[in-house]
Amino acid sequence: MASRVIVPERQRDGVFAGKLKPKAAEGNNRRAALVDIGNLDTKRVGGDAGKQQQVTRPATRRFGAVLLANAQANAEKKNKKPVVVIADKTVVLKTKVSNPVAKKAVVKPKQEPVIGAGAEEAKKEKPNTQKSSRKKKVACGLSDNIVDIDAGDIDNQLAAVEYVEDLYNFYILAESSSQIPDYMDSQNQINAKMRMILVDWLIQVHNKFELAPETLYLTIYIVDRYLSTNVTQRRELQLLGISSMLIASKYEEIWAPEVKDFVCISDKTYTREHILGMEKSILAKLGWTLTVPTPYVFLVRFVKAAMADKEMENMAFFLAELGLMQYAVVMFRPSMLAASAVYAARCTLNKTPPWDKTLEIHTGYTGSQLIDCAKLLVSFHAGVADDKLRVVFNKYSSPKRSAVALLAPAKSLLAS
C-alpha cells in the first residue's frame, strides 16, 4: 500500500489551521479573519509593522450627504456670534450668523401667468389629489341639469371613474360587431316558442346554482350567437343551453359548476361527452369570442344614471329578463334593451320625468327612440301573470326583490 503523505500544518498569522487560537489573541480573531478575506488593507504605514493603514470608507451618496451636513454644521458654529437683545428689560443672548452657509437650492417649477377670467381661479390653492381633479373635470363639463353619477365613487378604485366613460364609449362601438341577426327563419326544427321555453328553463337553472347575473346574460348571448351561425336539431337545443351556461360560468364565475352538475340538472339526458363535445362546437363556431357587451353591462350603468332605488333597480332587471325570453327583442341592441328597461321601469313606478338629460347623456338615447322597445317590455309585463312560463314572474314576486312583478304595468305607456 502507498504510504500517506503527511503535510505539515501551515501557520496563518500566528494561528495554526484546525487549532484554537491562544486566549491572549482571542480579541484579534475577527481582524485576522478579515485580513484573510481581503476586507482590511494589509499595507503598513511608515515602516511601522505594528499598525495598519486606516480603512477609507467609500464615498457613497448617503455618506457624502452626511459629510456635507457635518461641514455645514461646523461652519455655522464658527460663524455664530452672540448678540445682546433687550426685551422687556431682560437681557437675552441670541446668536447671529455673520456668513451663513448657503442652503441647498430647491428648484421650483415656474408657473405660467394666467390671463383672463381664469386668473382669479389660479390664485386659489390647487390640490394635487385625483379626487379634486375629477371633481373639477366634471364640474367644467356638466351643466346644472346634469348630475355627476360618479361623484360618490371617487374613492372606489374598482369603479374606475377616471375612464369609465371611455369604457362605455368602447362598449357602444363593440356592440355593433356582436349584434345578433334575425336567424329564426334559417332554423328548420326550432321556433321562437322553443327558444322561450329554453330561456325560461335556463333562468331556473341559473337561480338553482345561484350564479352571477352576468352569467345569465352571457349564456343567452351564446345560445343566440350559435343558433345564428349553425342549424340546430330540436333534440340538441337543451344540450346547447347547458353547454352555453357551462362556458359562461367558466368565464364569469369564481367557482363554476362542474360538468357532472349539468348532467344531473338535465336528469342525465346528456352525458359528459355530449356536453364537452357541444362546448367544443360552440367555441369553434364563435371563434372563442366571448368578451362582448351584454345588456347587463349597460343596465348597471343606466340604473346608476337614473339614481334608482332598490325597487326601481329590481323593476329594470325584471323587465330586462322578460326581454331576454322573447325572440322579438333579439333584434335590438343590448344598450337599447337596457335603456328601454330603465325607461319602462320609470314609467311603471310613475317617475317624473320619465327621461331626463342625465339619462340621455349616459345612455345616448332620447325618450322617443326608446318608445317602441319600452312598449314591448311593458306588454310582456302585462301578460306574464297569465303565461305558463312563470319563472321570471315568480323570481321577482318575492319580497327579496321588492315584489316588482306584482305591480301594475305602465298602461299609460301602452296607450301612448
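1. Start with Asp150. In this predicted model, Asp150 has a relative accessibility of 2% and so counts as buried. The cut-off for that label is under 20% relative accessible area. Asp150 sits in the loop between α4 (130-141) and α5 (164-177). Its side chain takes part in a salt bridge with Arg301 and in another with Lys304.

2. Take the Arg301 pair. The side chains of Asp150 and Arg301 meet at 2.9 Å, N to O. Arg301 belongs to helix α11 (residues 295-305), so this salt bridge ties together parts that are 151 residues apart in sequence. Both partners, Asp150 and Arg301, are buried.

3. Now the Lys304 pair. Here the distance between the side chains of Asp150 and Lys304 is 3.1 Å, N to O. Lys304 is also in helix α11, and the loop residue Asp150 is 154 residues away in sequence, so this pair too ties together separate parts of the chain. Is Lys304 buried, partly exposed or exposed? Lys304 is partly exposed, at a relative accessible area of 26%.

4. One more salt bridge deserves a look. Lys260 pairs with Glu258, and their closest N and O atoms are 3.6 Å apart. Lys260 is exposed, with 58% relative accessible area. Glu258 is partly exposed, with 45%. Elsewhere, salt bridges with shared partners join Asp150, Asp153, Arg301 and Lys304 into one network. The whole structure holds eight salt bridges.

5. Helix α11 needs its own point. How many of its eleven residues are buried? Eight are, so α11 is largely enclosed by the rest of the structure. The buried residues are Pro295, Tyr296, Phe298, Leu299, Arg301, Phe302, Val303 and Ala305. Which helices do they pack against? The buried residues of α11 pack against α5, α7 (213-229), α12 (310-325), α13 and α14 (357-363). Arg301 thus appears both among the buried residues of α11 and in the salt bridge with Asp150.

6. Look next at the end of α11. Met307 follows this helix. Its place is in the loop between α11 and α12. Met307 is not a glycine, yet its phi is positive, at about 55°. Most residues other than glycine have a negative phi. At 47% relative accessibility, Met307 counts as partly exposed.

7. A second positive phi is worth checking. Lys268, again not a glycine, has a phi of about 60°. Lys268 lies in the loop between α9 (259-265) and α10. Is Lys268 buried or exposed? Lys268 is exposed, with a relative accessible area of 68%.

8. There is also a cis peptide bond to inspect. The bond runs from Thr352 to Pro353, with omega near -10°. Most peptide bonds are trans. Pro353 is in the loop between α13 and α14.

9. Helix α13 (residues 334-348) contains Ser340. Ser340 has 0% relative accessibility and counts as buried. What does Ser340 touch, leaving aside its neighbours within four places in sequence? Ser340 is in contact with Leu370, Cys373, Ala374 and Leu377.

10. Two helices cross. Helix α8 (residues 237-252) packs on helix α10 (residues 272-286) at an angle of about 70°, and their axes are 9 Å apart. The two are therefore roughly perpendicular to each other. The α8 side of the contact includes Leu239, Leu240, Ile242 and Leu246. The α10 side includes His274, Ile275, Met278 and Ile282. Among the other residues of the contact are Lys250 in α8 and Glu279 in α10. By type, the contact divides into nine nonpolar residues, three polar and two charged.

11. Last, the chain as a whole. Its secondary structure comes to 17 helices and six strands. The chain has 416 residues, and 36% of them are buried. About 27100 Å² is exposed, with carbon and sulfur atoms supplying 54% of that area. What share of the contacts between residues at least 6 apart in sequence joins residues at least 24 apart? The share is 69%.

Terms used:
Residues numbered from 1 in each chain as written. Predicted model: local features only at pLDDT ≥ 70, side-chain atom pairs only at ≥ 80, totals over all residues. Heavy atoms only, no water. Salt bridge = Lys/Arg side-chain N within 4 Å of Asp/Glu carboxyl O. Helix = DSSP H or I, 4+ residues; strand = E, 2+ residues; numbered from the N terminus. Buried < 20%, exposed > 50% of the residue type's maximum accessible area, 1.4 Å probe, protein only. Contact = heavy atoms within 4.5 Å. Areas by Shrake-Rupley, 256 points an atom, 1.4 Å probe, with all protein chains shown as cover. Axes fitted to C-alpha atoms, helices over the stretch in contact; angles between N-to-C directions. Parallel < 35°, antiparallel > 145°, perpendicular 65-115°, else oblique. Nonpolar A, V, L, I, M, F, W, Y, C, P; charged D, E, K, R; others polar.
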